[in-house]
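Let's go through the charged pairs and one of the sheets in this model. Have a look first, then we'll take it by question and answer.

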Amino acid sequence: MAKFRKIGVLTSGGYAPVMNAAIRAITRKAIEEGVEVVGILGGYSGLIKGDMIPLTPRSVSNVITRGGTMLYSDRCPEFKTEEGIEKAIKTCRENQIDAIVAIGGDGTFRGATDLTRHGIPTIGIPGTIDNDITATDYTVGFDTAMNTVLSLIDDLRDTCESHSRCNVVEVMGRDCGSIALNSGIAAGAVAIAIPEVPFDAEAAIEKIKKVKADGKRGMIVVVSEGVKTEDGQPIGEFLTKKIEAETGIETRFARFAHIVRGGSPTLRDRLTSTLMGAVAVEQLLAGKSDLVICEIDGEIKPVEINFALIVDRMYKNKLKEGDLEGFSQEQYNEMKAICAKRKAEIDHLYDIARVVCK
Ligand code: ADP
Ligand code: F6P
């Protein structure tokens with residue numbers, strides 16, 4: 001077992017509502033193993049500045065129910081520079097921090113790799129509401145965000161039913177439609193627009209007219225922020241006007257935006273975040289680093305960060321020249337299979353939505 005005296009934990013990038021559960025699990029698991037824990041405040045900025053607090057089993061009491069991140073989050077351009085990383089390493093050396101767990105998205109994992117390369121073993125935990133990290137089936141925060149969207153749409157439906165209206169709802173997800181797709185199905189949206197599947201606005205409008213003629217009063221359309229108009233604007237407001245103009249149905253627009261990132265985390269998120277936190281500590285203490293803790297087919301397991309970053313680029317069609325160098329044919333095939341599986345799952349759900357939501 002690699003014997004560390006002290007590990008640091010930080011949250012970075014766009015926070016997800018269940019990061020506190022991971023912080024709590026990491027703290028308690030590490031202390032159980034005889035390792036001290038410090039919380040770095042404000043992500044990589046805090047590491048550069050040396051801003052940190054000691055964490056104890058009691059100081060993380062009750063945080064599992066709270067949204068936000070008790071360690072705060074930040075985006076830190078300085079950390080991407082050689083000077084920035086050197087300052088961060090200096091902080092670790094001066095404070096006897098032997099290893100780090102970084103909770104965040106792909107940007108955070110790139111930073112984690114830099115830390116490992118500079119001698120501070122680091123492991124990542126995928127924390128983002130978007131569920132857009134291809135190597136893992138699940139990112140913590142996703143379930144809470146979807147349930148928040150669901151609850152808000154259920155409330156909107158009261159107005160829609162009462163006034164016989166349509167409401168277009170835009171939800172976050174950057175370039176990933178998973179929040180929109182899942183919560184749209186669960187909320188019974190008549191149409192769903194996500195970036196992964198070409199959106200047929202005319203077909204959606206025909207469907208709205210048809211279900212209206214069938215006697216449906218309230219209608220919800222869910223669009224992901226990543227679906228854009230021809231001039232690059234999020235499609236929601238444009239679609240709202242188009243639906244009203246072409247169907248004659250009074251139509252309103254709601255952008256849920258950052259509200260979806262808040263709130264007390266769900267059971268699914270608390271549990272997964274806790275398991276990932278514990279596994280991250282186990283892996284570090286076993287001498288492993290440069291890993292991201294994933295959920296794959298229901299199992300929590302580590303994946304090399306570089307593999308995770310490249311499979312993510314492959315899925316998003318963002319591979320750069322040389323990205324695949326150093327990977328075996330077997331790894332390449334594995335990446336292809338991961339991408340195909342994810343795409344098939346989304347297509348399948350979208351097809352179900354087309355048939356069931358009307
Ligand atoms: P997320 O982790 O949610 O993807 P960002 O992309 O904003 O969020 O990344 C969070 C932080 O991680 C950045 O502010 C920066 O400090 C660090 N980071 C991002 N990209 C890199 C990179 N290429 N190299 C080193 N650090 C990075
Ligand atoms: O990646 C998480 C996320 O919430 C996205 O869904 C969204 O596009 C983005 O962050 C918003 O970032 P910011 O908080 O910087 O506006």
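Q: Is Arg5 buried or exposed?
A: Here buried means under 20% relative accessible area, exposed over 50%, and partly exposed in between, with a 1.4 Å probe and protein chains only. Arg5 has 55% relative accessibility. That's over the 50% mark, so Arg5 counts as exposed.

Q: What can we rely on in these values, and how are the residues numbered?
A: This is a predicted model, where local features need pLDDT of at least 70, side-chain atom pairs count only at pLDDT 80 or more, and totals for chains, interfaces and linings use all residues. Side-chain values use heavy atoms, with hydrogens and water left out, chains are lettered from A and ligands numbered from 1 in the order in which they are written, and residues are numbered from 1 along each chain as its sequence is written.

Q: Which residue forms a salt bridge with Arg5?
A: A salt bridge here is a side-chain nitrogen of Lys or Arg within 4 Å of a carboxyl oxygen of Asp or Glu. For Arg5 the closest N and O atoms of the pair are 3.8 Å apart. The partner is buried, at 19% relative accessibility. It's Asp98.

Q: How many residues apart in sequence are the parts that Arg5 and Asp98 tie together?
A: Helices (H or I, at least four residues) and strands (E, at least two) are DSSP runs, numbered from the N terminus. Arg5 lies in the segment before β1 (6-11), and Asp98 sits in the loop between α3 (82-94) and β4 (99-104). So the pair links parts whose separation in sequence is 93 residues.

Q: Which residue does Asp351 meet in a salt bridge?
A: The N to O distance is 2.8 Å. Both partners are in helix α11 (residues 329-356), three residues apart, so about one helical turn separates them. Asp351 is partly exposed at 40%, and its partner is partly exposed too, at 48%. That partner is Arg354.

Q: What is the order of the strands in the four-stranded open sheet?
A: Strands count as paired if DSSP finds at least two bridges between them. The edge strands, pairing on one side only, are β7 (191-193) and β9 (251-255). β6 (residues 166-171) and β8 (residues 219-224) pair in the parallel sense over six bridges. The order is β7-β8-β6-β9.

Q: Which residue in β8 stands opposite Asn167?
A: Strands β6 and β8 are paired in the parallel sense. Opposite Asn167, in β8, stands Ile220.
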